[in-house]
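Visitor: I am new to this structure. Please show it to me, and then I will ask about the words used for it.

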Amino acid sequence: MIVHFYTRPGCHLCEDGRMMLKLVQEDVPFQIVEHNIEEDDQLHEKFMLMIPVVEYHGEIIQYGNLDYVTLLEALEK
């Protein structure tokens, strides 16, 4: 199971989101693929006001302030 995590350097909310994903990862096994939106103009335009963004199967699960329960419920399905 692969989860895409859209972020950028220097984003404190992204650092918190990364820690939250790792907590969920302890209960549900998945791989985190991290994308730096500053390295891709399309991703930057799409997500610049939303980061961090968690995407699974092409669907945005959550963005901004990530919480454990929302992520867990979305990834347990």
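Guide: Tyr6 is buried, with a relative accessible area of 7%. This is a predicted model, in which local features need pLDDT of at least 70 and side-chain atom pairs count only at pLDDT 80 or more, while totals for chains, interfaces and linings use all residues. Residues are numbered from 1 along each chain as its sequence is written, and side-chain values use heavy atoms, leaving out hydrogens and water.

Visitor: Why is Tyr6 called buried?

Guide: Buried means under 20% relative accessible area, exposed over 50%, and partly exposed in between (1.4 Å probe, protein chains only). Tyr6 has 7%, so the word buried applies.

Visitor: Where in the chain does Tyr6 lie?

Guide: Tyr6 is in strand E1, residues 2-7. Strands (E, at least two residues) and helices (H or I, at least four) are DSSP runs, numbered from the N terminus.

Visitor: What makes the pairing of Tyr6 and Glu55 side chains a polar contact?

Guide: A polar contact is a pair of N or O atoms within 3.5 Å; within protein, one must be able to donate a hydrogen and the other to accept it, and residues adjacent in sequence count only if both atoms are side-chain atoms. The two side chains meet at 3.0 Å, so the distance fits.

Visitor: Which residues does Tyr6 contact beyond its neighbours within four places in sequence?

Guide: Among them are His35, Ile37, Leu43 and Phe47, where contact means heavy atoms within 4.5 Å.

Visitor: How far is the C-alpha atom of Tyr6 from that of Glu59?

Guide: The separation is 13 Å, with their positions 53 residues apart along the chain.
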